[in-house]
Amino acid sequence: QVRLVESGGGLVQAGGSLRLSCAASGSIIRIVTMGWYRQAPGEQRELVATITDDGGTNYADSVKGRFTISRDNAQNTVLLQMNSLKPEDTAVYYCNAYIYYTLYRGADYWGQGTQVTVSS
């Protein structure tokens, strides 16, 4: 069984910063990609940022230059440093990872979500 557990959400004023953390645990052989998605009320879930196991990153245009994704492969964790936050960044943020739980079988996993609220 694989679990993703997020932490670090909260309430912050516009212009402030937050750091989200996600730790994967369980039967893990290899984590290919880790990332963050978000979903605002009434909106579809959207990609925020992803990072591959060799460090390649991808960001949504709306967060480029403000958010930084990183990972610690030894600890099976992924971080999202969010700076210069805007009210439109308000959403539930979900951790995602594609994890091989055997040598040849993998699956997509999601965390439970953490609320980020940015006040104007």
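Strands E7 and E8 form a hairpin with four residues between them, and in this turn Asn76 has a positive phi of about 55°; strands, like helices, are DSSP runs numbered from the N terminus, with at least two residues for a strand (E) and at least four for a helix (H or I). The model is a predicted one, in which local features need pLDDT of at least 70 and side-chain atom pairs count only at pLDDT 80 or more, whereas totals for chains, interfaces and linings use all residues. Residues are numbered from 1 along each chain as its sequence is written, and side-chain values use heavy atoms, with hydrogens and water left out.

The two strands of the hairpin, E7 (residues 67-72) and E8 (residues 77-82), run antiparallel and are joined by six bridges, strands being taken to pair if DSSP finds at least two bridges between them. Within this pairing, Ser70 has Leu79 of E8 as its bridge partner. Ser70 belongs, with Thr68 and Asp72, to the uncovered face of E7, while Phe67, Ile69 and Arg71 make up the covered face.

The structure holds one disulfide, a term that denotes a pair of cysteine sulfur atoms within 2.5 Å. This disulfide joins Cys22 to Cys95, with an S to S distance of 2.1 Å, and links distant parts of the chain, given that Cys22 lies in strand E3 (residues 18-26) and Cys95 in strand E9 (residues 91-100), 73 residues apart. The link of Cys22 and Cys95 is left-handed, with -80° about the S-S bond. Both Cys22 and Cys95 are buried, where buried means under 20% relative accessible area, exposed means over 50%, and partly exposed lies in between (1.4 Å probe, protein chains only).

Gly106, found in strand E10 (residues 106-110), is partly exposed, with a relative accessible area of 25%. Leaving aside neighbours within four places in sequence, Gly106 is in contact (heavy atoms within 4.5 Å) with Tyr98, Ile99, Tyr100 and Tyr101. Ala60 is 46 residues from Gly106 in sequence and 25 Å from it in space, C-alpha to C-alpha.

Ile29, placed in the loop between E3 and strand E4 (30-39), is likewise partly exposed because its relative accessible area is 48%. On the surface, Ile29, Leu103 and Tyr104 form a nonpolar patch with about 410 Å² of accessible area together; such areas come from the Shrake-Rupley method with a 1.4 Å probe, and for residues only the protein chains shown count as cover. Patches are made of residues with over 30% relative accessible area and no salt bridge, with like charges joined within 9 Å and nonpolar side chains (Val, Leu, Ile, Met, Phe, Trp, Tyr) within 5 Å, a salt bridge being a side-chain nitrogen of Lys or Arg within 4 Å of a carboxyl oxygen of Asp or Glu.
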